Amino acid sequence: MYTPHYIFLAMDWGIAMYDRLTCTWERFVLNSRITGLAVFDGRLLGVTDRGGWVLGNKKGNFDKVRFPGMYIFNVAMRERSVYVCADRGLYRLNMIGKQPALLSVCIGCPVTDLDIRDDCLYVATLSEGVQTIDMS
């Protein structure tokens with residue numbers, strides 16, 4: 001994932017960060033395979049291969065976040081929103097106080113990926129193919 005000053009890489013041991021201004025690397029060893037990255041609320045968010053995620057704590061480290069009974073497949077950033085694809089459906093990530101919260105967009109079937117075009121969500125599901133959700 002590219003940002004104006006950094007390049008972030010999802011790795012099998014955690015997250016690598018390349019500082020484009022100083023040409024240096026930083027390693028965040030999380031003992032988890034990271035399969036997806038997004039930016040949420042000014043913090044880096046990484047999805048793990050075990051269905052959880054890690055969220056930057058703005059102190060140079062990451063906190064592991066898990067919603068009991070839910071497996072996270074992927075995260076997708078679209079405009080100013082972060083969507084979470086999970087085994088229970090599609091959610092939009094919000095903050096309530098200082099805690100991350102998931103608001104349901106579409107529930108009922110496992111959602112593995114997402115794309116948005118012209119105010120329409122294209123949702124890839126595990127068992128029901130690609131579905132569309134009109135956001136207008």
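**Close-up 1. The second largest pocket of this predicted model holds about 160 Å³ of space.** Its lining is made by Arg43, Leu55, Gly56, Asn57, Lys58, Lys59, Asp63, Val65, Lys98, Gln99 and Pro100. If you would like to find these residues by element, start with β6 (53-56), β7 (62-65) and β11 (99-107), the elements that each give two or more residues to this lining. By residue kind, the lining of the second largest pocket splits into five charged, three polar and three nonpolar residues.

**Close-up 2. The largest pocket has a volume of about 230 Å³.** Which residues are the closest to its centre? Out of 15 lining residues, they are Phe8, Arg43, Leu44, Gly56 and Phe62. The lining of the largest pocket contains six nonpolar and six polar residues, together with three charged ones. Arg43 and Gly56 are worth a second look, as they also appear in the lining of the second largest pocket.

**Close-up 3. Three strands form an open sheet in the order β1-β2-β3.** The pairing in this sheet is antiparallel. Why is one side of β1 (6-10) and of β3 (24-29) left without a neighbour in the sheet? Both stand at the edges and have a single partner strand each, so there is no strand on the other side. On average, neighbouring strands here are turned by 20° against each other, with direction ignored. Looking along the pair of β1 and β2 (residues 14-19), you can follow five bridges, and one pair to look for is Ile7 with its bridge partner Tyr18 in β2.

**Close-up 4. Cys23 sits in the loop between β2 and β3.** The backbone here deserves a moment: Cys23 has a positive phi, near 55°, although this residue is not a glycine. Is Cys23 buried or exposed? With a relative accessible area of 53%, Cys23 is exposed.

**Close-up 5. A second open sheet, this one of four strands, follows the order β8-β9-β10-β11.** Its strands pair in the antiparallel sense. At the edges are β8 (72-78) and β11, each of which pairs on one side only. Neighbouring strands of this sheet are turned by 30° against each other on average, again ignoring direction. The antiparallel strands β8 and β9 (residues 81-86) are joined by six bridges; to find one of the paired positions, look for Arg78 and its bridge partner Ser81 in β9.

**Close-up 6. The largest nonpolar core brings together 16 residues.** Leu45, Trp53, Val84 and Leu93 have the most contacts inside this core. At least two core residues come from each of β4 (34-40), β5 (43-48), β6, β8, β9 and β10 (89-96). Which strand gives the most to the core? That is β9, with three residues.

**Close-up 7. The strands β12 (residues 111-117) and β13 (residues 120-125) make an antiparallel pair with six bridges.** Arg117 is found opposite Cys120 in β13. Two residues lie between the strands of this hairpin. Asp118 belongs to the loop between β12 and β13, and its phi is positive, about 50°, even though Asp118 is not a glycine. Asp118 is also exposed, with a relative accessible area of 76%.

Conventions
Residues numbered from 1 in each chain as written. Predicted model: local features only at pLDDT ≥ 70, side-chain atom pairs only at ≥ 80, totals over all residues. Heavy atoms only, no water. 1 Å grid on protein atoms, 1.4 Å probe; cavity = no way out; pocket = protein on both sides within 12 Å on 5 of 7 lines; lining within 4 Å. Points joined across faces, edges and corners; volume = space filled by probe spheres on them. Nonpolar A, V, L, I, M, F, W, Y, C, P; charged D, E, K, R; others polar. Pairing = 2+ DSSP bridges. Axes fitted to C-alpha atoms, helices over the stretch in contact; angles between N-to-C directions. Core = buried A, V, L, I, M, F, W, Y, C linked by side-chain atoms within 4.5 Å. Buried < 20%, exposed > 50% of the residue type's maximum accessible area, 1.4 Å probe, protein only.
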